Amino acid sequence: MKTFTNNSLMAMYAKLGRIEDAKVVFESFGNNDMVSWNTVISAFSQNDRFNEALEYFSFMGDEGLKPDGVTISSVLPACSHLELLETGKEIHAYVFRNGDLLRNSYVASALVDMYCNCKQVVSGRRVFDTAVDRRLALWNAMLTGYTQNGFYTEAVLLFMDLMTVSGLLPNPTTMASVLPACVHCKAFADKKAMHGYVLKLGLGKDRYVQNALMDLYSRIGKIDNAKYMFHDMESKDMVSWNTMITGCVVCGYHEDALVLLHEMQIAGEKDKFDGNIEVSFKPNSVTLMTVLPGCAALAALTKGKEIHNYAIRNGLEPDVAVGSALVDMYAKCGCLYMARRVFDRMPIRNVITWNVIIMAYGMHGEGEEALTLFENMVVEVKPNGVTFISVFAACSHSRMVDEGRQLFHKMKNEHGLEPNGDHYACVVDLLGRAGRLDEACEIIDSMPSGLDKVGAWSSLLGACRIHQNVQLGEISALKLLELEPNVASHYVLLSNIYSSAGLWEKANKVRKNMKETGVRKEPGCSWIESGEKVHKFLAGDTSHPQSERLYEYLNDLFGRMKREGYVVDTSCVLHNVDEQEKENLLCGHSERLAIAFGLLNTPPGTTIRVAKNLRVCNDCHSATKFISRIVDREIVVRDVRRFHHFKDGACSCRDYW
């Protein structure tokens, strides 16, 4: 009776999260039985105290007690979360030697989970296939394992087996596991049909399933459907908010993501135990790593700093995912110094962190420092494919052609990584940007069969635009239009090449083909942050409340620039109109409007930070150099490829972009 009471006390404390009290009860009384040991080990595991769960599992063996199915299914999650594969294998061996445990479905589920969490998916499937009693929890564990490890097709096929041969009905956990796999499985075309199946199962109001459906709709670009589900939910949890914020970022609705972050902190949910109490949500590490890319995309430095301060106050800054997102945010907002400062202070840095800082220096034209960081990185962590893309880009922006080519040859021989289509595209860009177009063509010709050549041909087409090589540009464009006939940038670049060469008839023909196929060009757009708001400008924009004032200011500035020696480069206007009209069009480019807004709405001496979705044209680049000297301001412009720091009439790119 006494042991039963002690076990009940431990179980109660464990459910309340008071693990120290459960531990005191366990250690205060002798004669602990199997239930006592299982209760305390389970308490540790369920409360994320995995090392202690393993420690007490060892003590249990020292006491001469043999683990049963409950013990094994309680301790394996500790191996799973700590990714202790060898310890998990030892426990599996014990299970194998004790035949009764092999027939325990809970043990099998825990083994599948352990192997999949340790990236041993094949071993997990082997356990699944040999399990005698396949209950739904086991199917769910295998589905989750497949999805988390990127085996999306296998997950969908297993789900089909579940529906057709198991005789079991999916539960919310099943659907929450398989829906992400349906999103990413290319062979599974009718993704929206899963929503209908969920409703047919009667799971449409389950919060976990709703969260997974919101993610599905966001990933296929149906953000309005996701928003409708979000606002229609009877109750939201932290995952709901994070999923909706992620959806906005994925679909490019960065401003909406920041609005949701604000709403999340002031919103409340009825407490499940007391319906009169409202529970507010505090952003966690997942929230921050999700919303920070939105700040980066909009160059919303003030908001990014605010989030950084929140992370410091709430002890989230040391989190490696949050730290990496902060490095990325500062770098993409033009604050390389702050990005490096956050990076240097991080207690733990993974391959993503290193990739982000290398890419940051590359975007800012600091190729030599990017290479130094790469050399430091290989001592600490193993580089991956993204690392090399970051280094190649850094070399490309800094005219470090030979260094980039040498690294490309070392990639496989010294680092054991086989170059893919993206790596070849980077090397083509490296050579093409430097004007070595024949060598760039040779790289494309040398690509192994089976590799995707779209990126490589696209890089070559961009290089032909820079160096005005019409013949090679035509070849590149034709290849691309065969592979991707509905991508606007291919038409636009070819049209630009023709226009720059004065071949207006050919340029008009390309635009006509573009119109007939229904392909639309992405309009030039720039952003600038002011106070709590991000202001957006399109080329030729007159919708902003200050438009009239902005154009007047630019016209006045235009006159001052001409007196300083500025000469308009009308070759950037790709329309067959007179010179005066070309000058007017250039004056309305989106980055100039954003810069003018910044100059008129910030105190003297303040750095102007602008982000643009397209490449800065030659004339705007030249004009901004003059503006920086005339107004005595530093102007930082991030275009689609890199950063330009304009100061005292010069640019950090040294006119190489």
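The exercises below concern helix H16 and the cysteines of a predicted model.

**Exercise 1.** Find out how the expected span of helix H16 compares with the distance between its end C-alpha atoms.

Solution. Helix H16 covers residues 238-250, which gives 13 residues. The expected span is 1.5 Å times one less than the number of residues. For H16 this comes to 18 Å. The end C-alpha atoms of H16 are 18 Å apart, so the two values agree.

**Exercise 2.** Determine how many residues of H16 are buried, and which helices they pack against.

Solution. Buried means under 20% relative accessible area. By this cut-off, 11 of the 13 residues of H16 are buried; among them are Met238, Trp241, Met244, Ile245 and Val249. The buried residues of H16 pack against helix H14 (207-219) and helix H15 (223-232), and also against helix H17 (254-266) and helix H18 (285-298).

**Exercise 3.** Describe what is found at the start of H16 and just after H16.

Solution. At the start, a side-chain oxygen of Asp237 comes to within 3.2 Å of the backbone nitrogen of Val239. Just after H16, Gly252 has a positive phi of about 85°.

**Exercise 4.** Explain why Cys395 forms no bond with the closest cysteine sulfur, and state how many disulfides the whole structure has.

Solution. A disulfide needs two cysteine sulfur atoms within 2.5 Å. The closest cysteine sulfur to that of Cys395 belongs to Cys426 and is 10 Å away, which is too far for a bond. Cys395 counts as buried because its relative accessible area is 1%. A search of the whole structure gives zero disulfides. Cys295 is accordingly in none, and its nearest cysteine sulfur, that of Cys333, lies 7.0 Å away. Cys295 is also buried, at 0% relative accessibility.

Notes: Residues numbered from 1 in each chain as written. Predicted model: local features only at pLDDT ≥ 70, side-chain atom pairs only at ≥ 80, totals over all residues. Heavy atoms only, no water. Helix = DSSP H or I, 4+ residues; strand = E, 2+ residues; numbered from the N terminus. Buried < 20%, exposed > 50% of the residue type's maximum accessible area, 1.4 Å probe, protein only. Contact = heavy atoms within 4.5 Å. Polar contact = N/O pair within 3.5 Å; in protein donor to acceptor, adjacent residues only side chain to side chain.
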